[in-house]
Amino acid sequence: MELLRSPAEMHRWRAGVRGMVGFVPTMGYLHEGHLSLVRLSRQRDDVTVASIFVNPTQFGPNEDFERYPRDEARDLALLEAEGVHAVYLPSVAAMYPPGYQTYVTVEELSKRLEGAARPGHFRGVATVVTKLFGAVQPHRAYFGKKDAQQLRLIRRMVRDLDLPVEIVAGETVREPDGLAMSSRNVYLAPDERAIAPLLYRGLCAARDAFIAGERDAERLRAIVREVVGQEPRIALEYVSVADDETLEEIEGRVERPALLSLAARIGSTRLIDNVELAP
């Protein structure tokens with residue numbers, strides 16, 4: 001397994017690669033969700049590349065960049081065991097050298113939901129993914145459905161910029177009790193971890209109501225709030241029922257594919273989750 005730590009090293013290695021290249025970008029501290037994406041690429045592509053880069057430009061000034069969990073040795077062992085051919089591990093200085101001033105913005109999708117809650121976050125995401133694509137030059141790139149807005153934003157960016165990359169979505173991987181796997185779950189204290197599955201339970205209750213015929217968007221939001229609200233230690237930031245592609249909030253009846261999503265804080269830990277609604 002090749003370890004490549006600068007854009008120049010990545011470009012030199014990539015120039016000698018033949019066949020279909022699959023790419024799994026990550027911020028490290030890998031879990032089964034990341035590894036499921038690696039396996040998708042291993043099944044479909046001739047060569048699989050992963051990246052590990054905690055991207056400072058997608059963190060706000062009061063967010064967790066410095067304490068974001070990191071364990072490079074563990075991550076590399078997991079990737080090698082999965083048969084990854086190369087790992088791209090650029091430094092912050094290599095990605096954003098002195099004088100750096102170019103950013104990518106997906107205008108409308110960046111303003112909603114997580115974009116409204118975390119100003120500048122998606123500018124950082126779009127910029128770093130564009131740079132990673134430029135270095136790795138993948139034919140396919142794999143992203144999880146758990147980060148639903150990120151997935152839609154990257155699809156839109158790829159279409160708008162005519163980037164020759166197929167974006168492949170992997171299903172959200174969950175713990176046995178339903179909690180979506182996330183590197184940030186490590187922040188949860190044991191008592192907080194015990195109540196975290198209520199987030200998914202609330203989403204499932206609303207999805208079940210939708211399947212049973214409920215179409216009023218506000219009623220679906222209310223069902224999520226009612227279930228999650230049983231636990232006062234969970235502070236909901238938002239519950240959304242939005243158009244599946246544009247992420248514009250739906251008012252009135254849900255007559256087209258929609259994304260039901262939420263963000264919440266449990267103690268100092270911020271978690272997101274979602275389910276898709278298909279009429």
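Leu 3 stands opposite Val 87 in strand S4, and in this predicted model that pairing belongs to a set of three bridges joining strand S1 to S4 (residues 86–88), the two strands running parallel. Helix H6 (residues 121–136) packs on the sheet to which these strands belong, where it touches strand S2 (21–26), strand S3 (47–52), S4, strand S5 (140–144) and strand S6; the direction of H6 makes about 145° with that of S2. Helix H7 (residues 148–160) also packs on the sheet, touching S5 and S6, and its direction makes about 170° with that of S6.

The sheet itself is open and is formed by six strands with parallel pairing, in the order S1-S4-S3-S2-S5-S6. Its edges are strand S1 (2–4) and strand S6 (166–170), each of which pairs on one side only. Averaged over the sheet, and with direction ignored, neighbouring strands are turned by 25° against each other.

**Aromatic pairs**

The structure holds six aromatic pairs, and two of them are set out in the table.

| Pair | Distance between ring centres | Angle between planes | Class |
|---|---|---|---|
| Phe 23 and Phe 133 | 6.3 Å | 70° | edge-to-face |
| Tyr 100 and Tyr 103 | 5.5 Å | 85° | edge-to-face |

With planes at 70°, the rings of Phe 23 and Phe 133 exceed the cut-off of 60 degrees, and the pair is therefore edge-to-face. This pair links distant parts of the chain, since Phe 23 lies in strand S2 and Phe 133 in helix H6, 110 residues apart. Both Phe 23 and Phe 133 are buried. Tyr 100, by contrast, is partly exposed, with a relative accessible area of 24%, and Tyr 103 counts as partly exposed at 31% relative accessibility. Tyr 100 and Tyr 103 form one aromatic cluster together with Phe 53 and Tyr 96.

**Helix H10**

Helix H10 (residues 217–228) has twelve residues, which at 1.5 Å a residue should span 16 Å, and the distance of 17 Å between its end C-alpha atoms agrees with this. The expected span uses one less than the number of residues. At the start of H10, a side-chain oxygen of Asp 216 reaches to within 3.3 Å of the backbone nitrogen of Glu 218.

Along H10, the buried residues are Ala 217, Leu 220, Arg 221, Ala 222, Ile 223, Val 224, Val 227 and Val 228. These buried residues pack against helix H9 (198–211) and against three strands, namely S7 (234–243), S8 (258–266) and S9 (269–277).

Conventions. Residues are numbered from 1 along each chain as its sequence is written. This is a predicted model: local features need pLDDT of at least 70, side-chain atom pairs count only at pLDDT 80 or more; totals for chains, interfaces and linings use all residues. Side-chain values use heavy atoms; hydrogens and water are left out. Two strands pair if DSSP finds at least two bridges between them. Helices (H or I, at least four residues) and strands (E, at least two) are DSSP runs, numbered from the N terminus. Axes are lines fitted to C-alpha atoms, for helices over the stretch in contact, and angles run from 0 to 180 degrees between N-to-C directions. Contact means heavy atoms within 4.5 Å. Buried means under 20% relative accessible area, exposed over 50%, partly exposed in between (1.4 Å probe, protein chains only). A polar contact is a pair of N or O atoms within 3.5 Å; within protein, one must be able to donate a hydrogen and the other to accept it, and residues adjacent in sequence count only if both atoms are side-chain atoms. Rings of Phe, Tyr and Trp (its six-membered ring) pair if their centres lie within 6.5 Å; planes under 30 degrees apart count as stacked, over 60 as edge-to-face and the rest as tilted.
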